[in-house]
Amino acid sequence: MENEIQETQPSVRRTLEIEIQELRDDLLYLGSMVEKQILGAVDSLKQRDLVSSQKIIDTDFEINRNRYAIEEKVMIAIATQQPMAHDLRLLASILEISGELERMGDYAKGIATISLRMKDEPLLKPLIDIPVMAQKGADMLHRALTAFINEDIEVARAIPEEDDVVDSLYAQVYRELTAFIMQDPTTIKRANWLLWVAHNLERVSDRVTNICERTIFSATGEMRETVSKNLG
Amino acid sequence: MEMNMNIEVKQNKDFTVNEMAEIKVRTSQLSVYYGKFRALTDINMEIHDRKITAIIGPSGCGKSTLLRSFNRMNDLTPSAHVEGKIELDGEDIYGKNVDVVDIRRRIGMVFQRPNPFPKSIYDNVAYGPRLYGIRQRNHLDGIVESSLKQSALWDEVKDKLHQSGMSLSGGQQQRLCIARALAVQPEVILMDEPASALDPISTLRIEELMHDLAKSYTIIIVTHNMQQAARVSDFTAMMMIDETRSGRMIEYNTTNIIFTRPQDKRTEDYVTGRFG
Amino acid sequence: MTTTSYSELLKKGVERRRVSRKGTNGFMLTLTGALTVLALIPLFWIIGYVFYKGGSTLNLAFFTQLPKPVGMTGGGVLHAIEGSLIVTFLATIMAFIPGVLAAFYAARNPNTVLGIGLRFSTDVLSGVPSIVVGLFAYALIVKPQGHYSALAGGVALAILMVPTIIRTTEEMLKLVPTNLREASLALGAPEWKTSISVLLPAAMDGVITGVLLAIARAAGETAPLLFTTLGNERFDLGTIISSGVTNHQSIIQILGRIFSSPIDSLPLTLWKYAGMPYPERVQQAWGVALILLILVLATNILARVWIEIRKRKLRG
């Protein structure tokens, strides 16, 4: 027995590791698309550029397709590679996050749809806080996904606290727009449009919070809500 | 409260893996008999070149019989005979002018239990080449080295080539047997439950090795272990016995489809562990 | 009122059983030990007695000299030692190859007419009294040739060895995993090549053991040699070889002379000496018995050691 030839030990699950790496790349790509969609939707609304608003809506189909592709890949990896423990949590998280991203894409599309409905009507007021919300949400999303890929728990715990900033911006927009409506009830339609836009952006950052929760779950196995959220 | 101004788009995309590789082996209406007993009935399958094809199914469904008909190992059973055709690159291996020895060289086999010959590691690998008249030392040295490298065993044994093959661990012995099969430059490698006698780590190593080998060889594996079929293979064939206890192929598709959306209820029941 | 629960009853039962179990165990252990010793007594008695009676006869001359004329003290049994070695060697050569080949046939084709016949005749042959085998060799070789010879003795012993060799080899071949054979065939090797270079090496340990045991048995046979080698007190291997060399005879010719002359052997000498009315010879018979015993024991031990060494080697 003492003479037994030693086995060398390289990783024995290369197939699964390669598949997981591909999925991480796919998820990052999907995230960057969504990020661009959010910023693009608000920008085209601000510029009143209906052509780019339409483009945002078209691109959303692609986002949905990519999300289904990720889902399919995760399912095949689970069915064929029997992942366990961390691998399993990671795949479940990717599945969940791809869903979150798809919904965030839908918010961008929602903003673009509003922009199209407004047609040539002017904005009720110049956009100030709404682009800041979009900027903030996209930035949070970017950092949250990076934290997920790097399994950076510190960052994943910190980001949800920034949700308060977005929430207070939303409250600010809400107050302003209700003031408009009270002064002049004829602005109700145009105010409502912007209210929906702000609401969509507020939801974006809520979903970023979910991504952070998944990051912590994937890295540690802990499943709990980070901070209370969801104003409306 | 979700906002419903978004237009939901539901897509029903079919994620069929479109890997139409070349066909290496094709069986048509293949039936195998042991005396009067029809062990396999009308097997039609196309084995893709440089892919891993797994044959799964409950015990006694004829998986091994099918595998052993690919390199005519069934010839060794005196009562066995074959109907239908098995074509290797379009040539019927049961044809009149076919040399069995050449078929067995082109279609190698790895068995359930690691079975190194009671010889040194070197002589185990050199056994096949020597059969075909290769005797030059330097030539053999090269074959032994490249075969052992392909089977990912070289680094572990390069200083002990003249030690008995039996002195290796189970997993190493199986990789030695794979090297022995590779040494005669086969095109197809048949594996009959190659990891069922091994521990989980050795099993995974053999599976990864199969992945590497599939870049150059066509691999057909019979396995009891569905998870293994799921992990390693590109295509999966599901077999079952019919009411006459004869083995039939009930579903054959890409592994991804077999394990996520099987078309046949019996396949579904088998892969979900509801019977078998 | 006390109620004893089932689990308490079980506990008590276990305790009772423990006590009686210990007693029974001790008794049976003692009994089997005693019977084992009883069975071993004859063995050690024989060995001890032969050593005691024959030990004093053994000296260098006993191994290196030919017998002195009857009535004289001294001299040795070199002729018998040489004879035994020659006859057994001849027998082994003649029995080994046919025995192993027949075993291959029987192992591969157990259910054919020839295979069944082979197994049946092997059983019969191993039951045939050795003196009958000697008579057969006499009729087959000694009678036509007109003289007793080492060759005839070799044939007789070979016939006795063949069943043992066939049987052990066949058993050993059956123990070789079938997929070892298949692995060779799957590489395109023909059946004969597979048998020689895979199956035989795999079964070799068992085959060698079988042959050694067959030798040990044959070397102790007396009866078949009575009719075949006759005995020859003046047989002198050294003289035959040296005279052959000085007369420039070929090896074949020298071997021919050795194999065709009547020859003695240890069991034969033992049998003859023991029946003689000369005390020196009877004393020497004990010495011969001791040599024979040592040879047979040594062969058996060699066989065991061989198996052990090979086992270790296989383990690496």
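This passage walks through chain A, three helix pairs and the nonpolar cores of a predicted model.

Chain A is a convenient place to start. Its secondary structure consists of seven helices and zero strands, so the order of elements from the N terminus reads α-α-α-α-α-α-α. Along the principal axes, the C-alpha atoms of this chain fill a box of roughly 90 × 35 × 20 Å. Of its 232 residues, 43% count as buried. Contacts in chain A often link distant parts of the sequence: among those between residues at least 6 apart, 82% join residues at least 24 apart.

Helix α7 of chain A, residues 188–220, deserves a closer look. With 33 residues, α7(A) reaches 48 Å from its first C-alpha to its last, close to the 48 Å expected at 1.5 Å a residue. Because 24 of those 33 residues are buried, α7(A) is largely enclosed by the rest of the structure. Just after the helix comes Gly221(A), with a positive phi near 90°.

A partner of α7(A) is helix α4 of chain A, residues 129–150; the two axes lie 9 Å apart, at an angle of about 15°. Angles under 35 degrees count as roughly parallel, and α4(A) and α7(A) are therefore roughly parallel to each other. The crossing is left-handed. On the α4(A) side, the residues that meet α7(A) include Ile130(A), Met133(A), Ala134(A), Met140(A), Leu141(A) and Phe148(A). Their counterparts in α7(A) include Leu194(A), Val197(A), Leu201(A), Val204(A), Val208(A) and Ile211(A). Lys136(A) of α4(A) and Arg214(A) of α7(A) are also among the residues taking part.

Chain B offers another arrangement. Here helix α3 (residues 121–131) and helix α4 (residues 137–150) have axes that come within 9 Å and cross at roughly 110°. That angle makes α3(B) roughly perpendicular to α4(B), and the crossing is right-handed. From α3(B), the contact is made by Tyr122(B), Val125(B), Ala126(B) and Pro129(B). From α4(B), Leu140(B), Ile143(B), Val144(B), Ser147(B) and Leu148(B) take part.

In chain C, helix α5 (residues 130–145) packs with α6(C) at an angle of about 140°, their axes being 9 Å apart. The two helices are therefore oblique to each other, and α5(C) and α6(C) cross in a right-handed sense. Residues of α5(C) at this contact include Ser130(C), Val133(C), Gly134(C), Ala137(C) and Leu140(C). Those of α6(C) are Leu151(C), Ala152(C), Val155(C), Ala156(C), Ile159(C) and Leu160(C).

Finally, the nonpolar cores. In soluble globular proteins, nonpolar side chains tend to be buried together. The largest nonpolar core of this model has 126 residues, and the members touching the most others are Ile55(B), Ile189(B), Leu190(B), Ile219(B), Ile220(B), Ala156(C) and Met161(C). Helix α6 of chain C, residues 150–175, supplies the largest share of this core, 15 residues. A second, separate core has 60 residues, with Ile76(A), Ala77(A), Leu101(A) and Ala138(A) among them.

Returning to the largest core, Ile219(B) gives a view of one of its well-connected members. Leaving aside neighbours within four places in sequence, Ile219(B) is in contact with Ile52(B), Ile189(B), Met191(B), Met210(B), Leu213(B) and Ala214(B). Ile189(B), one of these contacts, is likewise listed with the core members that touch the most others.

Definitions and conventions: Residues numbered from 1 in each chain as written. Chains lettered and ligands numbered in written order. Predicted model: local features only at pLDDT ≥ 70, side-chain atom pairs only at ≥ 80, totals over all residues. Core = buried A, V, L, I, M, F, W, Y, C linked by C-beta atoms within 7 Å. Buried ≥ 20, exposed ≤ 12 C-beta atoms within 10 Å, placed from the backbone. Helix = DSSP H or I, 4+ residues; strand = E, 2+ residues; numbered from the N terminus. Contact = placed C-beta atoms within 7 Å. Expected span 1.5 Å × (residues − 1). Axes fitted to C-alpha atoms, helices over the stretch in contact; angles between N-to-C directions. Parallel < 35°, antiparallel > 145°, perpendicular 65-115°, else oblique. Left-handed = near helix turned anticlockwise from the far one by under 90°.
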